[in-house]
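Here is a set of questions and answers for a first-year student. Look over the structure before reading on.

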There are 4 protein chains.
Amino acid sequence: MNISAFKDVASQFPVIFFDSYGVLRNHRGPIPGALETVSVLRASGKHIRILTNNAARSPEAAAARLADYGLRGISSAEVITSGATTRHFLEQKVKGGKVAYLGTPASAEYIIGAGLDAIPISDVDFERLDEIKAVAFLDDEGYDKNVDINLLINILRRCQVPVVVANTDLLYPTTANDVALATGSIARLAEYVLGRKFVKFGKPASQMFQMALDSVAVEMPSVCPADILMVGDTLHTDILGGNTYGVATALVLSGNTRPESAATEIAASGIIPDYVCHSIGK
Amino acid sequence: MNISAFKDVASQFPVIFFDSYGVLRNHRGPIPGALETVSVLRASGKHIRILTNNAARSPEAAAARLADYGLRGISSAEVITSGATTRHFLEQKVKGGKVAYLGTPASAEYIIGAGLDAIPISDVDFERLDEIKAVAFLDDEGYDKNVDINLLINILRRCQVPVVVANTDLLYPTTANDVALATGSIARLAEYVLGRKFVKFGKPASQMFQMALDSVAVEMPSVCPADILMVGDTLHTDILGGNTYGVATALVLSGNTRPESAATEIAASGIIPDYVCHSIGK
Amino acid sequence: MNISAFKDVASQFPVIFFDSYGVLRNHRGPIPGALETVSVLRASGKHIRILTNNAARSPEAAAARLADYGLRGISSAEVITSGATTRHFLEQKVKGGKVAYLGTPASAEYIIGAGLDAIPISDVDFERLDEIKAVAFLDDEGYDKNVDINLLINILRRCQVPVVVANTDLLYPTTANDVALATGSIARLAEYVLGRKFVKFGKPASQMFQMALDSVAVEMPSVCPADILMVGDTLHTDILGGNTYGVATALVLSGNTRPESAATEIAASGIIPDYVCHSIGK
Amino acid sequence: MNISAFKDVASQFPVIFFDSYGVLRNHRGPIPGALETVSVLRASGKHIRILTNNAARSPEAAAARLADYGLRGISSAEVITSGATTRHFLEQKVKGGKVAYLGTPASAEYIIGAGLDAIPISDVDFERLDEIKAVAFLDDEGYDKNVDINLLINILRRCQVPVVVANTDLLYPTTANDVALATGSIARLAEYVLGRKFVKFGKPASQMFQMALDSVAVEMPSVCPADILMVGDTLHTDILGGNTYGVATALVLSGNTRPESAATEIAASGIIPDYVCHSIGK
């Protein structure tokens, strides 16, 4: 497995798409060197977008969070969340009514923003299930996994309504060596025990890539996938999604994929990044 | 879908294997008519065994629990738990050391019974992971799903040790209409996010059937699978397991499989019981 | 399950996306009434696109084939094939060299159109595997399934190169009651035995939807997903893809999904179309 | 990954279970050193059984085949085939009628031996499908994969009958570096496209292990799993099955699992053999 210097890789592309957690920052703060790298890319006129499988907060809040970590100057318009794709879906496909959700109140803003009523799974009235027009997996926090996953399963055994998953990540890094279950894992568990297929947003699905491309096209009308480098720490989302969409892909080893097992994971999965870098700071 | 009277079906077989929860009893007490049915079967000289995907309690405790529900006269020797199969495995394959587990203290008796040290996942010392010789999924209670599943995943990312699942059920009924996640679901989730295969006990695997057959053979030396009826409420465990082992199978609609969706579930799964009955009381 | 008249459904949308096989035509010719329906839609100014999970022929050949069946006046620019998406990917991600493929010579045009050399799997020289820069599943015909699937698996055991699947359909209808394995099934089999993930094109992935939307936008600049009805005969591709992309979906029962099992399949899969119609002719 | 000498491992166990293809012999003949190893084990009084996921020939023919390769003195009573388990199932669960199969005429003997009529898939009369009482996947040869898999799928779309898979292997080695699809792969493909679960025989299921243990018990009444070493070349069948049954397991690198990828496959699968040996000849 060849390790490339990130700066050498980035220099070949006018547009860089970054995953956020594990790439720009982690639980401790910015990835070492990330601030400098982003500054250098900005100074050289690169177009930057952040594609984050996250419905926990709005693009505005996500940009503010990055600023808190020192990554200043990233505007909310440069942040593409999987929550935004989910909101768009709800606007198109659900005509009024209540949407029951697993997540935090902040994540429920994506339901409210679609003009719908958001109701936590724990508040659903089993006597009035006909009011529920959709069910949403938004965030892995904001509910009690001991109780609310069972409630959701019992609701879905009674209701044939669309079910949306705003974040297909299975795991996210919480420390240098540790991970936690992300929303995608909980949704996958529910799909498996129910034998159903939910509608899924976020990488590796291509809509976030298309939304980001459309956004860059405003600044750079000629942009096409060959101009773009997708940088991520997760093979099954960032790299598979980028490969499928047709952009170049760089795997960084500063997050979900650990340096000591990266070669094994690439070989076992068959998801082959175009480049592997230690981090965007190196 | 033809519905048969259970008594007519049972009369054809000298040996009856029952699943417990959803078949003999549920959260409210015995299934209506179950006590009478078991009495009649006893009086007619049938050999009875209870095959329960359960490592939450010992065969003795399981028999006592059935007696509490009015199902008296079932001895612990007639109860085959998936925990007992798990204990047997640990005796054979793990030579001393600590086994980290998800479950209640009662379930941990199956580890202790194998001559090993049982340590709850939440008590594992990450500085001394080399002491952990196996990891066990025993019960869906006794731990905090908000915290301990993540701990287990982080332990298994660091350790290559055998992982055993004492109960492969995905769901169990908690009321007439409701279900809850069983240990098998949590184990399946961990397998999926880790990309690993664990060693699994309980129906549909055939060992509990063989253990039950061996036990009946003491009383009835000529016994063979053609003599046996397996009665269960779950297609993917009781019926698939019985079909695979070569015994006759009867699905009852008093538990996991609901009357209104039974035909759909049989058609969609391709797991075809020889008989379908409302319950063992009818 | 409510059955709607197709004309009533279509009247609500200015843009109609059709799947081809099983919707517009089948092995016998056009679906009864399809020609009239398409004429009526044309006359009323609807924008029409054909989205076909097919890499067996070019958009030109696909349009000519429809004309042969009496569906005249559909231009090649209105036909979006999964082969075209695949060609676009190869252009972006593979820089020269040979692409080994399963499929017919006609399907290989999508490789040649990307400026690459196309070589049938049966002609690959195992002594010069370093020349192979990608592997493509293009069509279910044009090769011997008794021999060539094994060759492909043995090549992929030796090579870490991108693998693309130009058609994710599992089955396609061959007569009123019969189906055949499509390319997606063979690719899924290879993924399973190799434990790898391939890059997949065609519905349910959203790129064909985006390509079709972009194409309509030339004629109707204001078009958005709410304007579009996706009409298909397959839950896991047409309906799941349309639901995920956020357009309205109509399942027709003239192809892969049989009238007698449609309700079962919808319930079991959880893939819920907005409308169900007998066919586009009724 | 520690590599052990096979003789040192085998010396610790009074009973040795061998997989056949890839362990005792391959396409060229006996594995180098296998004859001597078996002779030495015999001379030292070990109990030997051959557990082969194979329904292509009878135990008698399998023993004769081993003798042809120089492995003389193995009696048919020492050979446990997955076909024998399948025959036993058909005897127990199918009461007369025709069983449609994919396989060779030799493999169909397991159906005929169960007192049933065997009919190749290609000879099934679609006008008289009610005569078909079961469908069996017996062997990967004896039929045309271009035609007969489609026939089988179309039969199963019309019939709700038990489906049995006599060999769950996904791949088998054909040369030192090459593999071919085994029956288990074709069955898995059909399960996937149909969304059904078939009844499966052969390792990793535990019945062959139990049948072999019962057979040894005639000669060595005290035998228990702790006395047994299972030797195989495939993680997902031999090693997973042996681990699950509770016997010691040795992976040999002379067949399905290649020396250069063994460590990766063990880590990625989580199926951990107790020992790894180059081959039984070393």
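A residue is called buried when its relative accessible area is under 20%, exposed when over 50%, and partly exposed in between. The model discussed here is predicted.

Q: Is D:Glu131 buried, partly exposed or exposed?
A: The relative accessibility of D:Glu131 is 22%. Buried means under 20% and exposed means over 50%, with partly exposed in between. D:Glu131 therefore counts as partly exposed.

Q: Which residue meets D:Glu131 in a salt bridge?
A: The N to O distance of this pair is 2.7 Å. A salt bridge requires a nitrogen of Lys or Arg within 4 Å of a carboxyl oxygen of Asp or Glu. The partner has 47% relative accessibility and counts as partly exposed. The partner of D:Glu131 is D:Arg128.

Q: How many salt bridges does a search of the whole structure find over all chains?
A: One of them joins the side chains of C:Glu219 and C:Arg49, at 2.8 Å from N to O. Another joins D:Asp274 and B:Lys93. Over all chains the search finds 40 salt bridges.

Q: How many residues apart are C:Glu219 and C:Arg49?
A: The side chains of C:Glu219 and C:Arg49 meet in a salt bridge. C:Glu219 is in helix H8 of chain C, while C:Arg49 is in strand S4 of chain C. The pair links distant parts of the chain, 170 residues apart.

Q: Is C:Arg49 buried or exposed?
A: Its salt-bridge partner, C:Glu219, is partly exposed at 44% relative accessibility. C:Arg49 has a relative accessible area of 2%. Buried means under 20%, and C:Arg49 is therefore buried.

Q: Which residue of chain B meets D:Asp274 in a salt bridge?
A: The N to O distance is 2.4 Å. The pair crosses between chains, from the loop between helix H10 and strand S15 of chain D to helix H4 of chain B. D:Asp274 is partly exposed at 38% relative accessibility, whereas its partner is buried at 15%. That partner is B:Lys93.

Q: What is the area buried between chain A and chain C?
A: The contact takes 37 residues from chain A and 37 residues from chain C. Carbon and sulfur atoms give 51% of the buried area. A:Lys93, A:Lys197 and A:Thr244 supply 21% of what chain A buries against chain C, more than any other three residues. The buried area is about 2600 Å².

Q: How many salt bridges are counted between chain A and chain C?
A: One salt bridge is formed by the side chains of A:Asp274 and C:Lys93, at 2.4 Å from N to O. Between chain A and chain C there are also 13 residue pairs in polar contact. The salt bridges between chain A and chain C number two.

Q: What is the area buried between chain B and chain A?
A: The contact involves 25 residues of chain B and 25 residues of chain A. Carbon and sulfur atoms give 52% of the buried area. B:Asn146, B:Arg157 and B:Leu181 supply 23% of what chain B buries against chain A, more than any other three residues. The buried area is about 2400 Å².

Q: Which element gives the most to the side of chain B that touches chain A?
A: The rule finds two salt bridges across this interface, including one between B:Asp178 and A:Arg158. Helix H6, strand S11 and helix H7 of chain B each supply at least two residues of the side that touches chain A. The element giving the most, with six residues, is H6(B).

Q: Is C:Thr86 buried or exposed?
A: C:Thr86 is found in helix H4 of chain C. Leaving aside neighbours within four places in sequence, C:Thr86 is in contact with C:Val164, C:Ala166 and C:Phe201. At 1% relative accessibility, C:Thr86 counts as buried.

Q: Which residue is joined to B:Lys203 by a cis peptide bond?
A: Most peptide bonds are trans. In this cis bond omega is about 10°. The partner is found in the loop between strand S12 and helix H8 of chain B. The residue joined to B:Lys203 is B:Pro204.

Technical notes. Residues numbered from 1 in each chain as written. Chains lettered and ligands numbered in written order. Predicted model: local features only at pLDDT ≥ 70, side-chain atom pairs only at ≥ 80, totals over all residues. Heavy atoms only, no water. Contact = heavy atoms within 4.5 Å. Buried area = accessible area lost by both parts, 1.4 Å probe. Helix = DSSP H or I, 4+ residues; strand = E, 2+ residues; numbered from the N terminus. Buried < 20%, exposed > 50% of the residue type's maximum accessible area, 1.4 Å probe, protein only. Polar contact = N/O pair within 3.5 Å; in protein donor to acceptor, adjacent residues only side chain to side chain.
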